[in-house]
Protein chains: 2
Amino acid sequence: MPQRTIVVFSGGLDSTTLLYHQRAAGDEVRALSVDYGHRHRAAELAAARAIAADLGVEHRVLDLRSLAGFFGANSLTDATVEVPDGAYSPATMALTVVPNRNMVLLAVALAWASAEGGDAVAFGAHGGAYTPYPDCRPEFAAAMHAAAMACDARPLAVLAPFVAWSKADIVRRAVALGVPLGTTWSCYAGGDIHCGRCGTCLDRRAAFAEAGVPDPTGYVT
Amino acid sequence: MPQRTIVVFSGGLDSTTLLYHQRAAGDEVRALSVDYGHRHRAAELAAARAIAADLGVEHRVLDLRSLAGFFGANSLTDATVEVPDGAYSPATMALTVVPNRNMVLLAVALAWASAEGGDAVAFGAHGGAYTPYPDCRPEFAAAMHAAAMACDARPLAVLAPFVAWSKADIVRRAVALGVPLGTTWSCYAGGDIHCGRCGTCLDRRAAFAEAGVPDPTGYVT
């Protein structure tokens, strides 16, 4: 029987590639998106819905907007905090962190797996030990896997197959898998097309350039 | 500086004693309750609010009712499933399990700690290795502690000081701490006073009897 895997799926470049990657590995995949009141939710969730529908994958969007008040000031969930322009510095990066977001997402995905016969949950963490996001590092992924093995009557798994990859590695894998990269959404600024200036847009552009892959994204600038 | 601890706090016997226990240990405590659409939420949250107000402890109630749809059929969140009467059997116990509830609660409490300077989160798991709830066992608590140490830029802790205790041990500790046991709420049936017949009421009664402590609870029968 194929592994039944729930992919934590934002509709971005990384998690869309992950959805294709687990499907190509033979998993029976389902996709979980979360609306946590983030500024770029409209474009991101629209991308997620279009990609999941195109793949014919079961997709659920969970409304966790009530969580936003539990997070401190950050540019994703607090409209009063500006999205920083330009490449990330430690200071501007801190403004984009929703505290403990990945643990919350994995906990909810594991609840779905527990309730409805899933075997594993997967998330698109990448960047290895040097990513500035603690909850994207290999030690976090390994600890969450150990917790998943103990949280339910059945052992569950946490998969993070890209955890040691760069974003350029993910772009290369996406091309090999035929991922509709132009449909994926990265920008944090909240507009209808990618702003091209926020840290996430710059990361996205740099990944395509480093991978030597034409960037299909339409940017404002 | 005292340890700043967020207690996952339902207003029940175990988590109320935990709140007093961490406070007696010198921690600066805050309390987090979650409304996850459970049948007995009205009485439970009323108890939690009264206890926290009496202690003068900051108390937040997070609305996670949107999560209920992600959990399978169980008597706590699905009004069509009857609350089983009598002592728990493996079959009736299964109906009271909200999948992965403790990981979700700990993840949210850790988000609060991460955002607002907490050092630790504590939960009232007890029963040791033989509890029927996987997410109350020592190995689950230890795995979540390891995940908490890795989830944020600062290491956070997960405390489960009662994990090897029986419920009678908790009653004895509660008496020593002066916990207002008559205000705590256990019953799953959803009435205004404890039904006295559901598995949780039977567990509560048995714990007082085993501890040799007069039970201040008013029961229907």
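**Reading a two-chain interface and a helix crossing**

Modeller: In this predicted model, 33 residues of chain A are in contact with 33 residues of chain B.

Colleague: Which elements give two or more residues to the side of chain A that touches chain B?

Modeller: They are strand S3 (58–63), helix H4 (101–115) and helix H5 (138–150) of chain A. H4(A) gives the most, with nine residues.

Colleague: How many residues on that side of chain A are nonpolar, polar and charged?

Modeller: The side of chain A that touches chain B has 23 nonpolar, four polar and six charged residues.

Colleague: Why can one say that the copies meet through the same surface?

Modeller: Compare the interface residues of the two chains. Of those in chain A, 100% are also interface residues in chain B, so the same surface is used by both copies.

Colleague: What rotation superposes chain A on chain B?

Modeller: A rotation of 180 degrees, with 0.0 Å of shift along its axis, and the RMSD is 0.0 Å. The two copies are therefore related as by a two-fold rotation axis.

Colleague: Now helix packing. At what angle do helix H1 and helix H6 of chain B cross?

Modeller: The axes of H1(B) (residues 13–24) and H6(B) (residues 167–177) come within 10 Å and cross at roughly 50 degrees. Angles between 35 and 65 degrees count as oblique, so H1(B) is oblique to H6(B).

Colleague: Is the crossing of H1(B) and H6(B) left-handed or right-handed?

Modeller: Left-handed. H1(B) makes the contact through Leu13(B), Asp14(B), Thr17(B), Tyr20(B), His21(B) and Ala24(B), and H6(B) through Ile170(B), Arg173(B), Ala174(B) and Leu177(B). By class, six of these residues are nonpolar, two polar and two charged.

How values were computed. Residues are numbered from 1 along each chain as its sequence is written. Chains are lettered from A and ligands numbered from 1 in the order in which they are written. This is a predicted model: local features need pLDDT of at least 70, side-chain atom pairs count only at pLDDT 80 or more; totals for chains, interfaces and linings use all residues. Copies are superposed by least squares on the C-alpha atoms of residues with pLDDT of at least 70 in both. Two residues are in contact if their C-beta atoms, placed from the backbone, lie within 7 Å. Axes are lines fitted to C-alpha atoms, for helices over the stretch in contact, and angles run from 0 to 180 degrees between N-to-C directions. Helices (H or I, at least four residues) and strands (E, at least two) are DSSP runs, numbered from the N terminus. Angles under 35 degrees count as roughly parallel, over 145 as roughly antiparallel, 65 to 115 as roughly perpendicular and the rest as oblique. A crossing is left-handed if the near helix is turned anticlockwise from the far one by less than a right angle, and right-handed if clockwise. Ala, Val, Leu, Ile, Met, Phe, Trp, Tyr, Cys and Pro count as nonpolar, Asp, Glu, Lys and Arg as charged, and the others, Gly among them, as polar.
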